[in-house]
Amino acid sequence: MSVTVSFTATLKKFDEQGEKTGWNYIEVPVGIAQELLPGNKKPFRVKGKLDQFAFSKIALMPMGNGNFIMPVKATIRKAIGKQKGAVVAVKMQVDKKDLELPSEFAECLNDEPQALAHFNSLPKSQQHYFIRWISEAKTDPIKAKRIVQALKALSTGLGFAEMLRSIKKQKADQW
């Protein structure tokens, strides 16, 4: 049985923090993170509620000092009506359910052995970034575009962050 923890946290936003620049997040103190998953210092997924908004499959990421952070996307902030500086009630537990590989992405990976091999060599957390990014596409054309971008990146040995930087650079070069 999973442990459920409850606490309050303040919504924060990274100013200049590498790939996390501009992220909104809450801090999960080391004691609470250890209650959830004793002895763990690696990213892991949680589910629960921020105020009354239910969430699942969100990664808690270590910050190096024992504390973890949980990104809080715009959709969640909008649903709870809160922004940076606001206090939120947090209730969470470890989410053991894996993200499901979108069928279209799985089919394409099977047709690209090099991309599949690289994808399978990535840590679960990195695989989840790709899966979530593709799954959250709001239209079929955007989903197809993301699958193509992911396959191209994976075929050349890129991870998720490197792929995003590459896409951003391509857009900048087009201007």
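## The β5-β6 hairpin

Start at the hairpin of β5 and β6, where 5 residues sit between the strands and glycine 64 takes a positive phi near 95°. Keep in mind that this is a predicted model. The two strands of the hairpin pair in the antiparallel sense, over 2 bridges. Look for proline 62, and you'll find phenylalanine 68 of β6 standing opposite.

## Around β6

On its other side, so to speak, β6 has β3 to pair with: these two run in the antiparallel sense over 4 bridges. One spot to check is tyrosine 25, whose bridge partner in β6 is proline 71.

In a regular strand, side chains take turns between the two faces of the sheet. What covers β6, then? Both faces are covered, with Phe68 and Met70 buried on one side, and Ile69 and Pro71 buried on the other.

## The whole sheet

Zoom out a little and 7 strands make up an open sheet, ordered β1-β7-β4-β5-β6-β3-β2, with antiparallel pairing. Which strands stand at the edges? Those are β1 and β2 (12-13); each has a single partner strand, so one side of each has no neighbour in the sheet.

Further in, β4 and β5 pair over 6 bridges, again in the antiparallel sense. Within that pair, glycine 48 stands opposite phenylalanine 55 in β5.

## Two cores

The largest nonpolar core counts 24 residues, and the ones with the most contacts inside it are Ile26, Leu50, Leu60, Met70 and Met92. Quite a few elements chip in with two or more residues, among them β1 (5-10), β3 (24-28), α1 (30-36) and α2 (74-80). The top contributor is β7, which gives 4 residues.

Leucine 60 is a handy place to look around this core. Setting aside neighbours within four places in sequence, leucine 60 is in contact with Val28, Leu36, Pro43, Phe44, Val46, Phe68, Ile69, Met70 and Met92. There's also a second, separate core of 18 residues, including Leu99, Ile147, Leu151 and Ile167.

## Two residues to visit

Asparagine 40 is found in the loop between α1 and β4. Is it buried or exposed? Asparagine 40 has a relative accessible area of 16%, so it counts as buried, the cut-off being under 20%. A polar atom of its side chain lies 2.6 Å from the backbone oxygen of lysine 42. Not counting residues up to four places away in sequence, asparagine 40 touches Gln34 and Phe68.

Alanine 79 lies in helix α2. Its relative accessibility is 49%, so alanine 79 counts as partly exposed. Its C-alpha atom is 6.9 Å from that of phenylalanine 53, though the two are 26 residues apart along the chain.

## The chain as a whole

All told, the chain has 7 helices and 7 strands. Reading from the N terminus, the elements go β-β-β-α-β-β-β-α-β-α-α-α-α-α.

How does the radius of gyration fit a compact globule? For 175 residues, such a globule would be near 16 Å, and the chain's 17 Å agrees with that. The C-alpha atoms fill a box of roughly 45 × 40 × 30 Å along the principal axes. Of the 175 residues, 37% count as buried. The accessible surface comes to about 10,500 Å², and 54% of that belongs to carbon and sulfur atoms. Among contacts with a separation of 6 or more, 64% come from residues 24 or more positions apart.

Definitions and conventions
Residues numbered from 1 in each chain as written. Predicted model: local features only at pLDDT ≥ 70, side-chain atom pairs only at ≥ 80, totals over all residues. Heavy atoms only, no water. Core = buried A, V, L, I, M, F, W, Y, C linked by side-chain atoms within 4.5 Å. Buried < 20%, exposed > 50% of the residue type's maximum accessible area, 1.4 Å probe, protein only. Contact = heavy atoms within 4.5 Å. Polar contact = N/O pair within 3.5 Å; in protein donor to acceptor, adjacent residues only side chain to side chain. Rg over C-alpha atoms; globule rule 2.2 N^0.38 Å. Areas by Shrake-Rupley, 256 points an atom, 1.4 Å probe, with all protein chains shown as cover. Pairing = 2+ DSSP bridges.
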